[in-house]
Amino acid sequence: MMATRKPLDLTTLLEKARARAGAFLAERVGAMPNVASARTHRLAGRIAHAKAVPSVCAYCAVGCGTLAYVSPGGKLLDVEGNPESPVSGGHLCPKGSALFGLTVNEARWTTVKYRAPYGDRWEDRPLDWAMDRIAHLVKETREKTFVKVKNGKRVNHTLGIASLGGATFAIEENYLLGKLMHALGVVSIENQARI
Ligand code: SF4
């Protein structure tokens, strides 16, 4: 009885040939062996041992996905687009591409800056001081501008305060901000992002 021959799988053969040719060419420049040094072979990428933490770009409501690379010691090494993101598929616009520089930057201000009325310079102030001052000014302005009844209708609002939220707010933070502002009677409320 004659043995049946298996048909040739040309696709697999082609892939194997390509892999062999690739490995061969990677070791050579033309007909000569590649001159990469032992040190070059030992080198690894800056993020080789980093943990990739999925996150979201902080700039706008598009909500592009990012990967934040963190060293074993907890240091941020780089931020790039997340190819798994259904929103952006790994792409970031110029602002999102600059996220690393926004975070790791010697020129970045990390303290509260205050410029007094008629002042011509910024002063460093403690965060607690700034929070107290904001709270006092909100209370004072609300008390001066609160309207209970207008044209015979109860309105219970103030037009003396407006709220403008930033893009780094998540939906839960926006919810809390909305609750606080509505409770104060603020009606001018806007937010750049609603992720
Ligand atoms: S990468 Fe650009 S488009 Fe995407 S969320 Fe950030 S700022 Fe918006």
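Me: In this predicted model, which residue of strand 5 is the bridge partner of Ala68?

Reply: The bridge partner of Ala68 is Val79, a residue of strand 5.

Me: What makes strand 4 and strand 5 a pair, and how are the two connected?

Reply: Pairing requires at least two bridges between the strands, and strand 4 (residues 65–70) is joined to strand 5 (residues 76–81) by five bridges in the antiparallel sense, so the two strands pair. They form a hairpin with five residues between them, and in that turn Gly74 has a positive phi of about 90°.

Me: How do you know that strand 3 and strand 4 pair, and which residue of strand 4 stands opposite Pro54?

Reply: Strand 3 (residues 51–56) runs antiparallel to strand 4, with six bridges joining them, and since the requirement is at least two bridges, the strands count as paired. The residue of strand 4 that stands opposite Pro54 is Leu67.

Me: Which residues make up the largest nonpolar core, and what does Leu99 contact?

Reply: That core has six residues, namely Cys57, Tyr59, Cys64, Val79, Leu92 and Leu99; each of them is buried, because membership requires a buried residue, with the members joined through C-beta atoms within 7 Å. Leu99, with neighbours within four places in sequence left aside, is in contact with Cys57, Thr66 and Val79.

Me: Which residues surround the ligand, and how do they divide by character?

Reply: The ligand is surrounded by Cys57, Tyr59, Cys60, Val62, Gly63, Cys64, Ser88, Leu92, Cys93, Lys95 and Gly96, and this shell divides into seven nonpolar residues, three polar and one charged. The charged one is Lys95, because Lys counts as charged, whereas Gly counts as polar.

Me: Why is Arg142 called partly exposed?

Reply: Arg142 has 15 C-beta neighbours inside 10 Å, and because a residue is buried at 20 or more and exposed at 12 or fewer, the count for Arg142 falls in between, so this residue is partly exposed.

Me: Where is Arg142 found, and what does this residue touch?

Reply: Arg142 is found in helix 5 (residues 127–145) and, not counting residues up to four places away in sequence, touches Thr158, Ile161, Leu184 and Gly185. The C-alpha atoms of Arg142 and Val186 are separated by 8.8 Å, although the two residues are 44 apart along the chain. Gly185, which follows helix 6, has a positive phi, near 90°.

Me: Why is helix 5 called hardly covered, and how does its span stand against the expected value?

Reply: Among the 19 residues of helix 5 the count of buried residues is zero, and since burial requires 20 or more other C-beta atoms within 10 Å, none of them reaches that count. From its first C-alpha to its last, helix 5 reaches 27 Å, close to the 27 Å expected at 1.5 Å a residue. Helix 6 (residues 171–184), with 14 residues, reaches 20 Å, close to the 20 Å expected at that rise.

Me: Why is strand 8 said to lie largely in the open?

Reply: Strand 8 (residues 146–150) has five residues and the number buried is zero, so the strand lies largely in the open. Strand 8 pairs with strand 9 (residues 153–165) in the antiparallel sense over four bridges, and among these strands' partners Phe146 is matched with Thr158 of strand 9. The two strands form a hairpin with two residues between them, where Asn151 in the turn has a positive phi of about 50°.

How values were computed. Residues numbered from 1 in each chain as written. Predicted model: local features only at pLDDT ≥ 70, side-chain atom pairs only at ≥ 80, totals over all residues. Near = placed C-beta within 6 Å. Expected span 1.5 Å × (residues − 1). Contact = placed C-beta atoms within 7 Å.
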